[in-house]
Amino acid sequence: MSKTVKSIMVDELPRGPNFFSVVYACQLNNGGIETGDGNRFRGRGFIQITGQANYQTMVQNKWNQVHGAGTKDFMCRSTECDKNLDEIANDLDFSMLISLTFWKAGNTNEKAKIVNKKAIEDVTEAVNGMQIGIDNRTLYTNRAYEILK
């Protein structure tokens with residue numbers, strides 16, 4: 001973390017958009033505090049993807065794969081893109097559409113047809129891109145499956 005970020009965090013206790021711009025500055029391919037990228041690429045909606053790099057790979061690329069390139073832009077730094085990003089947080093239907101796009105792009109239905117350790121790992125990988133939290137996910141998936149049977 002740069003001295004500038006530490007100084008602002010200690011001296012000003014950021015609020016609102018400034019908080020995210022400070023906390024996520026210069027990481028996950030975000031620019032510095034002054035770019036506002038930390039706020040622009042903060043977690044939103046059901047998925048809570050954070051960081052410019054993750055929005056590119058996990059939102060924009062998957063959107064393009066399912067809906068076609070050029071149909072919606074989440075990555076430009078403009079008022080239009082900011083509206084698209086805010087729609088993820090503020091519009092329940094659109095947030096669900098983003099989640100379902102994510103699900104479809106990962107071919108997750110095929111991976112989720114059965115409930116076993118391998119399937120849970122495959123779904124986790126498709127949705128999260130990694131196995132973080134796999135033990136809890138396995139526990140709760142198995143519990144939910146038992147209840148729903």
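**Entry 1, the disulfide.** I looked for cysteine links and found that the structure holds 1 disulfide; I note at the outset that this is a predicted model. The bond joins C76 to C81, with the two sulfur atoms 1.9 Å apart. I read 95° about the S-S bond, which makes the link of C76 and C81 right-handed.

**Entry 2, exposure of the cysteines.** I then asked whether C81 is buried or exposed. C81 has a relative accessible area of 0% and is therefore buried, while its partner C76 counts as partly exposed because its relative accessibility is 26%, between the cut-offs of 20% and 50%. I also looked up C26, which is exposed, with a relative accessible area of 58%.

**Entry 3, the length of α6.** I checked the helix at residues 92-105 against its expected length: at 1.5 Å a residue, its 14 residues should span 20 Å, and the end C-alpha atoms of α6 are indeed 20 Å apart, so the two agree.

**Entry 4, the faces of α6.** Which residues of α6 are buried? I listed F94, S95, I98, S99, T101, F102 and A105. Looking down the axis of α6, I found these buried residues within an arc of 155°, so they line one face of the helix. The pattern can be read against the general geometry, since an α-helix has 3.6 residues a turn and residues three or four places apart therefore point the same way. On the other side of α6 I noted L92, D93 and K104 as exposed.

**Entry 5, neighbours and ends of α6.** I followed the buried residues of α6 outward and saw that they pack against α4 (52-67), α5 (79-90), α7 (108-111) and α8 (117-128). At the N-terminal end of α6, D91 acts as the cap, with a side-chain oxygen 3.0 Å from the backbone nitrogen of D93. After α6 comes N107, and I recorded its phi as positive, near 50°.

**Entry 6, the nonpolar core.** I looked up the largest nonpolar core, which has 13 residues, and those with the most contacts inside it are Y55, V59, F74, I88 and I98. Helices α4, α5 and α6 each supply at least two residues of this core, and α4 gives the most, with 4 residues. I add the general point that in soluble globular proteins nonpolar side chains tend to be buried together.

**Entry 7, around I88.** What does I88 touch, leaving aside residues up to four places away in sequence? I found R44, G45, Y55, V59, F74, F94, S95 and I98. Two of these contacts, F94 and S95, are also on my list of buried residues of α6.

Conventions
Residues numbered from 1 in each chain as written. Predicted model: local features only at pLDDT ≥ 70, side-chain atom pairs only at ≥ 80, totals over all residues. Heavy atoms only, no water. Expected span 1.5 Å × (residues − 1). Buried < 20%, exposed > 50% of the residue type's maximum accessible area, 1.4 Å probe, protein only. Arc of directions from axis to C-beta. Contact = heavy atoms within 4.5 Å. Polar contact = N/O pair within 3.5 Å; in protein donor to acceptor, adjacent residues only side chain to side chain. Disulfide = S-S within 2.5 Å. Core = buried A, V, L, I, M, F, W, Y, C linked by side-chain atoms within 4.5 Å.
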